[in-house]
Amino acid sequence: MKAVAEPPIATDFPPAVTTRLGVARHLRRHRSMVIGGAILVLIVAIAVLAPVLGTVNPAQIDPVARNRRPGAERTVRNADGTETIVKYRMGTDSLGRDVYSRVVYGARVSLIVGVTVALISAAAGLVIGILAGYLRWLDNVVMRVMDGLMSIPAILLAIGLVSLSRAGLRTVILAIVIPEVPRVVRLVRSVVLSIREEPYVEAAVALGARTPMLLVRHVLPNTVAPLIVQATFVCASAIIVEAILSFLGVGIPPETPTWGNIMAEGRALFRLFPHNILFPGIFLAATVLAVNMLGDGLRDMLDPRLAKGV
Amino acid sequence: MLGYIVRRFLATIPVMAVVAVVVFMLLRLTTGDPAAIIAGDNATSQDVAAIRTKLGLDRPIAQQFIIWIGNVLRGDFGESFFFKKQVADLIVERFEPTLALATCTLVLAVSTAVPLGVLAAWRRGTWIDRAVMGLSVLGFSVPVFVIGYVLIYLVAIQLGWLPVQGYQRLAEGFPGFIERLILPSVTLAIIYIALIARITRTSVLEVLNADHVRTARAKGLGEFPVLLRHVLRNAAVPIVTVIGLGIALLIGGVVVTESVYAIPGLGRLTVDAVLARDYPTVQAVILLFSAVYVLINLLVDLTYAFLDPRIRY
């Protein structure tokens, strides 16, 4: 975990990625990161561009067009007598809402939850981890609390926490953050513990560097690489947990289009209309897969020593 | 050794204490009167007052915790207002399906993942290795309920090979029991297989190049005995550790899988209790699952000495 701490000697620098051959080799070596990144860019684009992707209001209930199969069309007579053909690319749910529009808008919630949870967990874990790793008196207390929190299976803790209040986006994010923080704390603390034994930290102490200075200048930079990798995995897991909470009916309110909510809605009539579960499921799996691949790639790139073994 | 067991056992006490405090605080963090929440929406003011006295809610919070934990240690989790019976009885009733599902999944996952991981490491860099690792990333990424519905759709609905949903008690006949457990177990096992196969591969790779493995091969031992006796045995500690840690994933998965397959177990009970805001039940289930997780990992720690006699405590 301390690979980044050692300055490479001049001849060891990786070849600059400027030639075309260099770029190609670089991309090939980090193929998983490139594929994951590409899928993710696509999903982000879908989420951002949702209103212009031929969607309708995802919460619009239409009693006439309930449970349409994917690709079904319907002619709607407008007020002025003209007719328009509405096409349900992914069918409609049992309330007549357009599944395609809901899936597209659902990308927003998943990405917001994933990114927010990753950022908050990383920030909280970083602060607590550095303090615990550096201040011995704090370490024991903090780590016992973290051990305890980690002993409650994450999904159960999240379910317990959302049950406290009427769930909304903020509650759900908080409920996912709390189980994730201890894992980040552990990681950061282990980095800090290994760094503080390094000769250059000892040298800095001998030269009279104060603790805050030491933490910011020498310890903090070493936590960045592992923290980024961990944050991507936290993001992937947060997207899954949010979907699970929604799916179980304890997450974000059902009228909000989230992938979990669409699937929860489709449960009752799954045998007849599997599209309500399959389409959001595919998007969900693809997004999580992309984030995981990005994380794997980042880990291999930022920590080459680890990559050799794995 | 005995000293170690005792020390390790004592070390779980602070962990469980933190778990208990967190679970206790879950209810106290709600806005409003916990007694009114426990009593439910249809309670009379006498009910609420009775609960308040029983839980000692008029006393200081530390004292309340002592009363609560005292009751819990005696197996009294209170009464479920939603199911109208003792939470402890409720848990006993719902225990069998969850135990059956978890055991089936564990057996399936370990017996699939370990050979896969060894195979991937043994054939490192080949398409077999890449396929196993690729499937492992995929297994991590596809949420358990998506896997569940895809399997129900393909195997139960399209092919008609297995029942769609439901559970049958073991006492009502083994074929029906196992038939209904296959799909849920496979569903739940996939993420667990991904996790174990990955660690097995890494762990086996580390041992594969060791001197003693070369020696074993040099003396003419076949590949299979080498892998089994010399490699896997030395790679066992991380694998067993991850099997233990993975129990947390398994428990989370049980909650979801039981909902997908309509299995009346503890996981389903958790969801029903949360939806009904049945706090005594929610608290009891979280506490119980966490205790199981801590105990299993205690057992895992204790097996290290048997797996690797070099480990001395």
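Which way do H7(B) and H12(B) run relative to each other, roughly parallel or roughly antiparallel? That was what I wanted to settle when I opened this one, a predicted model.

**Entry 1: the helix pair in chain B**

I looked up the packing of H7(B) against H12(B) and got an angle of about 30 degrees, with the axes 9 Å apart. Angles under 35 degrees count as roughly parallel, so H7(B) and H12(B) are roughly parallel to each other. I also checked the hand of the crossing, and for H7(B) and H12(B) it comes out right-handed.

Next I wanted the residues. From H7(B) I noted B:Val144, B:Phe145, B:Gly148 and B:Tyr149. They meet B:Gly253, B:Val256, B:Thr257 and B:Val260 in H12(B). I sorted this contact of H7(B) with H12(B) by type and wrote down 5 nonpolar, 3 polar and no charged residues.

**Entry 2: chain B as a whole**

I stepped back to chain B, which has 14 helices and 2 strands. Its C-alpha trace spans about 80 × 55 × 35 Å along the principal axes. Of its 313 residues, 39% count as buried. I then took the chain B contacts between residues at least 6 apart in sequence, and 70% of these join residues at least 24 apart.

**Entry 3: chain A as a whole**

I did the same for chain A and found 11 helices and 2 strands. Reading from the N terminus, I get α-α-β-β-α-α-α-α-α-α-α-α-α. Chain A has 310 residues, of which 44% count as buried. For contacts in chain A between residues at least 6 apart in sequence, I have 71% joining residues at least 24 apart.

**Entry 4: where the chains meet**

How many residues of chain B are in contact with chain A? I have 38 from chain B, in contact with 38 residues of chain A. I listed the helices of chain B that each supply at least two residues to this side, and among them are H1 (2–28), H8 (174–208) and H14 (279–307). H7 (144–158) and H12 (247–260), the pair from my opening entry, are on that list too. By type, the side of chain B that touches chain A divides into 30 nonpolar, 7 polar and 1 charged.

**Entry 5: the nonpolar core**

I then went after the largest nonpolar core, which holds 161 residues. Which members touch the most others? My note reads A:Ala158, A:Ile244 and B:Ile196. Helix H8 (residues 211–248) of chain A gives the most to this core, with 18 residues. As background, nonpolar side chains in soluble globular proteins tend to be buried together.

I followed up A:Ala158. Leaving aside residues up to four places away in sequence, A:Ala158 touches A:Ala175, A:Ile176, A:Pro179, A:Val241 and A:Leu245.

**Entry 6: H5 against H8 in chain A**

A:Ala158 led me to helix H5 (residues 154–162) of chain A, which packs with H8(A) at an angle of about 55 degrees, the axes being 11 Å apart. That angle makes H5(A) oblique to H8(A). The crossing where H5(A) passes H8(A) is right-handed.

On the H5(A) side I wrote down A:Ala154, A:Ile155, A:Ala158, A:Ile159 and A:Val162. These meet A:Val241, A:Ile244 and A:Leu245 in H8(A). I sorted the contact of H5(A) with H8(A) as well, and it divides into 8 nonpolar, no polar and no charged.

Definitions and conventions
Residues numbered from 1 in each chain as written. Chains lettered and ligands numbered in written order. Helix = DSSP H or I, 4+ residues; strand = E, 2+ residues; numbered from the N terminus. Buried ≥ 20, exposed ≤ 12 C-beta atoms within 10 Å, placed from the backbone. Contact = placed C-beta atoms within 7 Å. Core = buried A, V, L, I, M, F, W, Y, C linked by C-beta atoms within 7 Å. Nonpolar A, V, L, I, M, F, W, Y, C, P; charged D, E, K, R; others polar. Axes fitted to C-alpha atoms, helices over the stretch in contact; angles between N-to-C directions. Parallel < 35°, antiparallel > 145°, perpendicular 65-115°, else oblique. Left-handed = near helix turned anticlockwise from the far one by under 90°.
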